[in-house]
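Trainee: Please take one part of this model and go through it closely. I would like the cut-offs along with the values.

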Amino acid sequence: MSSVPVLKVVVAGNGAVGKTSLIRRFCEGKFELTRVATIGVDFQTQMVALPERTVKLSIWDMAGQDRFQVIRTGFYRGSRASALVYDVTDPESFSSLPRWHTEIMDAIQKQPFVVVGNKTDLERVQPRAAAEAFAHSIGATYIETSALDGRGVSDLFESLARLGLGA
């Protein structure tokens with residue numbers, strides 16, 4: 001019997017972009033309309049069955065508020081892949097993605113990324129083409145999701161699992 005590898009992945013982005021909602025949708029299959037800000041960091045685990053093997057993701061949910069930057073740096077260490085999440089209805093959250101990318105790269109020099117446009121169930125303000133261009137500029141794939149209806153959520157975490165395996 002082969003052991004199941006545990007892969008630490010990070011979900012980062014501004015506060016209120018839906019990071020916790022994406023993780024809860026994936027791990028628990030539910031969406032909650034009420035929002036409670038993550039304090040510092042939180043994590044959940046979930047098995048992901050990939051064609052090549054099953055892995056266990058340790059999914060780290062980073063608080064998006066600036067006041068938590070000091071503690072976030074230590075939590076990036078040991079991660080195998082990161083998701084940079086923005087809200088498609090909030091251009092400021094998209095404008096912050098380069099800062100998140102730099103923050104993670106300063107802690108871990110070599111890290112694969114997925115750029116995630118969340119809240120696609122709402123009216124888009126941020127153009128998709130700009131997000132795709134940013135993702136391309138950092139060598140990342142681009143995925144759109146809705147934590148509310150679940151669209152793209154499995155694709156996001158399967159991508160993180162594949163990146164974490166180095167596949």
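Mentor: What follows is a close look at strand β4, its neighbours and the ring pairs around them.

First, the ground rules. The model is predicted, so local features need pLDDT of at least 70 and side-chain atom pairs count only at pLDDT 80 or more, while totals for chains, interfaces and linings use all residues. Residues are numbered from 1 along each chain as its sequence is written, and side-chain values use heavy atoms, with hydrogens and water left out.

Now the setting. The chain has six helices and six strands. Both are DSSP runs, numbered from the N terminus: helices are H or I with at least four residues, strands are E with at least two. Along the sequence the order is β-α-β-β-α-β-α-α-β-α-β-α. Of the 167 residues in the chain, 49% are buried. Buried means under 20% relative accessible area, exposed means over 50%, and partly exposed lies in between, with a 1.4 Å probe and protein chains only. The chain exposes about 8100 Å², and carbon and sulfur atoms supply 53% of that. These areas come from the Shrake-Rupley method with a 1.4 Å probe; for residues, only the protein chains shown count as cover.

Next, β4 itself. The strand spans residues 81-87. Seven of its seven residues are buried, so β4 is largely enclosed by the rest of the structure. The cover is on both faces. One side carries Ala-81, Ala-83, Val-85 and Asp-87. The other carries Ser-82, Leu-84 and Tyr-86.

Then the partners. Strands pair if DSSP finds at least two bridges between them. β4 runs parallel to β1, with four bridges joining the two. Across that pairing, Val-9 stands opposite Ala-81, and Val-10 has Ser-82 as its bridge partner. β4 also runs parallel to β5, with six bridges. There, Val-85 stands opposite Val-116.

Follow β1 outward. This strand, residues 6-12, is mostly covered, with six of its seven residues buried. Six bridges join β1 to β3, residues 54-62, again in parallel. Val-9 has its β3 bridge partner in Ile-59. Ile-59 is also among the residues touched by Gln-44, which sits in strand β2, residues 41-49. Other residues that Gln-44 touches include Cys-27, Leu-57 and Ser-58, when residues up to four places away in sequence are left out. Contact here means heavy atoms within 4.5 Å. The side chain of Gln-44 also makes a polar contact of 3.1 Å with the side chain of Glu-28. A polar contact is a pair of N or O atoms within 3.5 Å; within protein, one must be able to donate a hydrogen and the other to accept it, and residues adjacent in sequence count only if both atoms are side-chain atoms.

Now the rings. Rings of Phe, Tyr and Trp (its six-membered ring) pair if their centres lie within 6.5 Å; planes under 30 degrees apart count as stacked, over 60 as edge-to-face and the rest as tilted. That rule gives five aromatic pairs. Trp-60 and Phe-75 have ring centres 5.6 Å apart and planes at 35°, so they form a tilted pair. Trp-60 is in β3 and Phe-75 in helix α2, residues 69-76, which puts the two 15 residues apart. Trp-60 is buried at 16% relative accessibility, whereas Phe-75 is partly exposed at 28%.

Back in β4, Tyr-86 pairs with Tyr-142 in a stacked arrangement: 6.5 Å between centres, 25° between planes. Tyr-142 lies in strand β6, residues 141-144, so the pair ties β4 to a part 56 residues away in sequence. Both rings belong to buried residues: Tyr-86 has a relative accessibility of 0%, and Tyr-142 has 14%. These two tyrosines join Phe-94 and Phe-134 in one aromatic cluster.

One charge belongs in this picture. The charged end of Lys-8 sits over the ring of Trp-60, 4.2 Å from its centre. The rule requires NZ of Lys or CZ of Arg within 6 Å of the ring centre and within 35 degrees of the ring normal.

Finally, check the backbone in two loops. Ala-16 has a positive phi near 70° although it is not glycine. This residue is in the loop between β1 and α1, and is partly exposed at 36%. Lys-119 also has a positive phi near 70°; its loop runs between β5 and α5.
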